[in-house]
Amino acid sequence: MSDAKKRKQAEQDDFRWLRKLRSAASLTFSSILLSAAVIFVLLLYMRSQALPVSKMGPATEMYDIHGEVIETLNGGKHMEPVPLEDISPDLIRATLAIEDRNFYNHYGFDIRGIARAAIVNLQHMAKVQGAGTITQQLARNLYLSHERTWTRKLKETYYAVQMELHMTKDQILEQYLNQIYYGHSTYGIQAASKLFFGKDAKDLTLGESAMLAGIPKGPRYYSPYYDMKNAKDRQETILQTMASSGIITQKQADQAAAEKLTILPLEPKKPAIAGYFREYVRTVATEQLGIDEDQFDDGALKVYTTLDMNAQRVAEETVSSELERYPDMQAALVAIDPRNGYVKAMVGGRNYGENQYNRALANTRQPGSSFKPIVYLTALQQKQYTPVTRFKSEPTTFTYDNGRLNYTPSNFDNKYFDWIDLRQAIAKSDNIFAVHTILDVGPDNVIAMARKMGITSAMKPLPSLALGTFPVSPMEMASAFGIFANQGVRVEPTTIVRIEDQRGRVLYQANPAQEAVVDPAYTYVMTQLMESVFDTGGTGSRVSGSLKRPVAGKTGTTNTDAWLVGYTPELSTAVWVGYDKDRTINSVESHLAAPIFAEFTERALESVPPKLFPIPDGVANVYIDPASGKLANDECPNSRLEAFVQGTEPTEYCTGQKKDEAKPAKPKGNGTWWQDLKRWWND
């Protein structure tokens, strides 16, 4: 081949190579442009999309009626968010040095960090160094699980970049330092600083900062509460890293390492208070109000309840103290403000941690004689019974169902009292009087009254209903007796006042239903009658010395149950005591409900001045002769003041004179200061 041909061939080869080079360059440039466009569009898309909902949002909190936190619901996480400027600069520098020294120079993930970690891991043939940035760690904590998969890692990087597009570096760092886990149910540097050193995060020294900065790497391994040597080694590693990076001098590192740290003792967890109430609130919110369980636990809700923490503590302490000598015995207590239906205290058993069965709500126990006031209220309304209505207390066989069936009740210990009036029947808890009454007014009418008073438990129209043989719950009894205290008005029991979301929007606002069940005059008369339960000779007289305020109520005893349901103008309380497996209670155990009621009532209302039950319209207070049930005058000894529904009071005196023919008897004291005060008030 001639030289000319060779040159021509070479030129053609050069041209083809140049053309290929140009094509490759053009393709590369086009690919770069396309990639840049794709990245740009992707970044625009990521910037336009809202970040996911955080699974580490502020905790849902439950408050009592005074605004005191009862519980932080989402696992008991202790968090106290603070702005970045309220965090020690030493803590910030220590955290960046050990976790992400290139934090302010990357866009969510660190290429150099990834390469550096890969080299170190290859050298050790194991994963000894991670490459996750602070932004990636925050994305994982906020939005993802901690599973070790490529899918999770890709999502983590995606969210990290998205966070960098939505937030400034300082905002990311602030969130990270407020969310990171420091062990012991403590999240965020402020809570950790207080836990370990008892100070605010802004006051941390360099030595303290380095100690805390090392804990998130492995709270179980580097917490000084678990292993001080590991924690100290980690602190010194961080200080040396800071020194080698030029963040601090070697002298500062040595001084900080030698600094004596005063770490507070780890306080044992306090026993959870109001466990039965808290669980009931959860049930009400999720089953009755339609709040999703996940939202209730982790939705950063604020749940404002009716609980009074002081009353709750008193209730739990009282139950625990009174049952201390009875290890197998259980108890329940429900206290309701009768004026608004607010549940102030709830004890469903002696120990929530050991047994979560809530006996305060269980309609499985017979109320015994504590049910009788509902029978007598029905009688006052429907048959014009009065406090001086009399029956003979003696062994009696009653017939019912048109004479086809018989019922023979008996009194406790077979004690009978001859002729007694309604006041005495209530005070002595006479069963014969109660059965006379229910058969006289009709069991169906008693059930109807119980339903109006909020008792929904199953009942049958039998004579034994008067003796409380059909089970009810302490909650039902406390609510029903609240009607006596609230002048005949029933207010629906309420445990949740308000629920707000994270933004303060009200999701639920309580509006308890109110209904006038019975005329106030009848409830006042019943209240006066039930006060005698705590007088000398009454079934509650054992605790009369402990009660320093007007109280009305009724005891109830069966073979397996002991009750006292009572009230003041401010508080209606039901107490039940017994065994879970229908074990018989003895004579001593049958009286345990009364001291629990008395101590709880006095301590819970310690700051409330004693009040008389208000006298409504339609009540006539007159002095009567207990022996005859007639009006008393100077010729009738042992007179007593008695309240009647107006128009039902006696019209004749014990000597046979008419009301306007004789001089009323002078009042005589009955041994209780509030009865004497009422006499003075009415005179």
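1. A residue counts as buried when its relative accessible area is under 20%. Keep that cut-off in mind as you look at this predicted model, since Arg359 makes a good test case. Arg359 has a relative accessible area of 4%, so it is buried. You'll find Arg359 in the loop between β7 (342–347) and α15 (372–382).

2. What does the side chain of Arg359 reach at 2.8 Å? One partner is the backbone oxygen of Gly348. The side chain of Arg359 also makes a polar contact, again listed at 2.8 Å, with the side chain of Asp580. Try showing those residues together on your screen.

3. Now for the wider surroundings of Arg359. Leaving aside neighbours within four places in sequence, Arg359 is in contact with Tyr276, Gln330, Ala331, Ala332, Gly348, Gly349, Pro474, Trp576 and Asp580. Gly348 and Asp580 should look familiar: the side chain of Arg359 reaches the backbone oxygen of Gly348 and makes its polar contact with the side chain of Asp580.

4. Strand β7 leads us to a sheet. Here 5 strands form an open, antiparallel sheet, and their order is β7-β6-β18-β17-β16. Why is one side of β7 and of β16 (552–557) left without a neighbour in the sheet? Both stand at the edges and have a single partner strand each, so there is nothing in the sheet on the other side. From one strand to the next, the twist averages 10°.

5. Let's zoom in on the β7 end. Strand β6 (residues 330–337) pairs with β7 in the antiparallel sense, over 5 bridges. If you want one pair to look for, take Ala335, whose bridge partner in β7 is Ala345. Helix α14 (residues 309–322) packs on this sheet, where it touches β6 and β7, and its direction makes about 25° with that of β7.

6. There's another open sheet to look at, made of 3 strands in the order β20-β19-β21, with antiparallel pairing. Its edge strands, β20 (630–631) and β21 (640–645), each pair on one side only. Strand β19 (residues 619–625) is joined to β20 by 2 bridges, and the bridge partner of Ile624 in β20 is Leu631. Helix α20 (residues 520–531) lies across β19 and β21, running at about 155° to β21.

7. Helix α7 (residues 189–197) deserves a stop too. Is this helix largely enclosed or largely open? It is largely enclosed by the rest of the structure, because 7 of its 9 residues are buried. The buried ones are Ile189, Gln190, Ala191, Ala192, Ser193, Phe196 and Phe197. Their cover includes β3 (78–79), α2 (89–99), α6 (169–179), β4 (186–187) and α8 (206–214). Just after the helix, Gly198 takes a positive phi of about 65°.

8. Stepping back to the whole chain, you can count 22 helices and 21 strands. Of the 683 residues, 51% are buried. Among contacts with a separation of 6 or more, 68% are between residues 24 or more positions apart. The accessible surface comes to about 33200 Å², and carbon and sulfur atoms hold 51% of that.

9. A word on confidence before you finish. The mean pLDDT of the chain is 85, and 82% of its residues reach 70 or more. However, pLDDT stays under 50 over residues 668–674, where the model has 19 contacts beyond four places in sequence. It also stays under 50 over residues 679–683, with 13 such contacts. Where pLDDT is low, don't read the predicted coordinates in detail.

Notes
Residues numbered from 1 in each chain as written. Predicted model: local features only at pLDDT ≥ 70, side-chain atom pairs only at ≥ 80, totals over all residues. Heavy atoms only, no water. Pairing = 2+ DSSP bridges. Helix = DSSP H or I, 4+ residues; strand = E, 2+ residues; numbered from the N terminus. Contact = heavy atoms within 4.5 Å. Axes fitted to C-alpha atoms, helices over the stretch in contact; angles between N-to-C directions. Buried < 20%, exposed > 50% of the residue type's maximum accessible area, 1.4 Å probe, protein only. Polar contact = N/O pair within 3.5 Å; in protein donor to acceptor, adjacent residues only side chain to side chain. pLDDT = per-residue confidence, 0-100. Areas by Shrake-Rupley, 256 points an atom, 1.4 Å probe, with all protein chains shown as cover.
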